[in-house]
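Trainee: I would like to learn how to read the features of a structure that I have not met before. Could we go through them one by one, with the general idea first and the particular case after it?

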Amino acid sequence: MSIKADKIWLDGELINFEDAKLHFLTHSLHYGNAVFEGTRAYKTDKGLAIFRLKEHTKRLLESAKICLLKSPYTQDELEKAQIELLRANNFKANTYIRPLIFLGDGIMGLYHAKAKVRVGIAAWEWGAYLGEEGLEKGIRVKISSFARNSVKSSMGKAKSSANYLNSQMAKYEAIEAGYEEALMLDEEGFIAEGTGECFFIVKNGCLITPPNDFSLKSITQDMVLKLAKDLSIPVLRQRISRDEVYTADEAFFTGTAAELTPINEVDARIIGNGKRGDITHSLQNAFFDVVYGKNDKYKDMLTYI
């Protein structure tokens with residue numbers, strides 16, 4: 001994936017993409033305390049529109065609060081900055097937005113409170129995270145040997161850079177084993193989430209997704225649950241065991257990057273008939289209707305540029 005753009009927003013200013021450079025002693029680079037968001041903007045018939053900008057920006061600031069990072073910018077300022085950035089880049093296709101609140105250079109050591117808090121926002125044109133073919137045909141998934149971070153030792157409700165190290169290790173393990181994505185268990189052996197996605201199964205016509213005990217509260221997951229209600233699909237929020245995944249009728253991942261990606265195989269077990277299931281397909285169509293501005297009920301979720 002090639003990441004290119006004309007401008008990046010950094011500490012309140014638009015600068016050239018190639019000028020967005022940081023010092024080697026940037027605190028967050030050494031100690032991992034930074035928080036970020038992933039937000040998408042879609043090329044609708046009315047132009048580029050950011051999906052659920054307010055909710056993503058709120059979660060960013062909540063993550064910062066959890067990690068004791070005092071943002072120098074308000075929610076309104078950060079929302080306007082993301083809009084300004086997209087306008088400055090004049091993107092022609094679907095776009096991914098990455099705000100980051102981090103600690104700059106000047107202070108070292110584990111006590112971070114005196115380090116300067118900085119904010120940057122990047123954006124670039126980006127298609128399907130797990131592949132366009134994956135959206136239609138599904139992907140192969142491996143249950144990882146790495147467990148999701150324990151709530152006893154990390155703060156999973158923060159979208160924090162430090163929380164993603166075990167996601168990186170799990171993703172690498174899955175790809176090296178010939179799969180496309182990993183599925184992670186919680187510390188008690190139940191399904192937690194993917195490396196950056198929430199997880200759903202369908203069994204006997206019912207949509208099932210785990211509670212967010214060990215995972216980030218997902219904005220896309222919330223959207224899918226709303227759409228399931230609209231489509232009169234029964235929903236259960238309950239733990240899912242590994243063997244229940246193997247015998248599911250359908251399975252899929254959700255997330256800002258993954259959108260709604262079907263899963264056709266887990267640990268060499270074919271899920272359902274090995275193809276995108278009917279309920280998955282219905283929810284997928286309904287989701288893309290929302291983000292492309294074709295569902296008036298949810299038009300307020302889009303911020304047009």
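Trainee: Is E181 buried or exposed?

Mentor: The general idea is a scale of relative accessible area, found with a 1.4 Å probe on protein chains only, where buried means under 20%, exposed means over 50%, and partly exposed lies in between. In this structure E181 counts as buried, because its relative accessibility is 0%. Please keep in mind that this is a predicted model, in which local features need pLDDT of at least 70 and side-chain atom pairs count only at pLDDT 80 or more, while totals for chains, interfaces and linings use all residues. Residues are numbered from 1 along each chain as its sequence is written, and side-chain values use heavy atoms, with hydrogens and water left out.

Trainee: With which residue does E181 meet in a salt bridge?

Mentor: In general, side chains of opposite charge can pair when their charged atoms come close. The term salt bridge is used here for a side-chain nitrogen of Lys or Arg within 4 Å of a carboxyl oxygen of Asp or Glu. The partner of E181 is K171, with 3.1 Å from N to O. E181 belongs to strand β9 (residues 181-185) and K171 to helix α5 (residues 165-176), so the pair ties together parts that are ten residues apart in sequence; helices (H or I, at least four residues) and strands (E, at least two) are DSSP runs, numbered from the N terminus. K171 counts as buried too, at 18% relative accessibility.

Trainee: How many salt bridges does the structure hold, and which residues do shared partners join into one network?

Mentor: The structure holds 16 salt bridges. One of them links D222 with K226, whose closest N and O atoms are 2.7 Å apart. Both residues lie in helix α6 (residues 219-230), four residues apart, which is about one turn of the helix. Salt bridges with partners in common join D222 and K226 to R52 and E55 in one network. Within that network, E55 and R52 form a salt bridge whose closest N and O atoms are 3.3 Å apart. R52 counts as buried at 6% relative accessibility, whereas E55 is partly exposed at 31%. D222, with a relative accessible area of 27%, is partly exposed, and K226 counts as partly exposed at 30%.

Trainee: How should I read the domains, and where are their bounds?

Mentor: Domain bounds come from an automatic or database domain assignment, and for this protein the assignment gives domain 1 (7-125) and domain 2 (132-292). Their centres, taken over C-alpha atoms, are separated by 26 Å. Contact, which means heavy atoms within 4.5 Å, takes 22 residues from domain 1 and 22 residues from domain 2. Buried area is the accessible area (1.4 Å probe) that two parts lose on being put together, summed over both; for these two domains it comes to about 1,900 Å², with 62% of it on carbon and sulfur atoms.

Trainee: How many salt bridges are counted between domain 1 and domain 2?

Mentor: The count is two salt bridges. R40 and E259 also form a salt bridge, with their closest N and O atoms 3.8 Å apart. Between the domains there are twelve residue pairs in polar contact, both residues being at pLDDT 80 or more. A polar contact is a pair of N or O atoms within 3.5 Å; within protein, one must be able to donate a hydrogen and the other to accept it, and residues adjacent in sequence count only if both atoms are side-chain atoms. On the side of domain 1 that touches domain 2, the elements giving two or more residues are β3 (34-36), β4 (39-44), α2 (53-66) and β6 (95-103).

Trainee: How many disulfides does a search of the whole structure find?

Mentor: A disulfide is a pair of cysteine sulfur atoms within 2.5 Å, and the search finds zero. For C67, the nearest cysteine sulfur is that of C198, 18 Å away, and for C198 it is that of C206, 17 Å away. C67 counts as buried at 10% relative accessibility, and C198 counts as buried at 4%.

Trainee: Which residues are in contact with T254, leaving aside its neighbours within four places in sequence?

Mentor: Among them are C198, T220, V224 and E259. T254 lies in strand β14 (residues 250-255) and is buried, with a relative accessible area of 0%.
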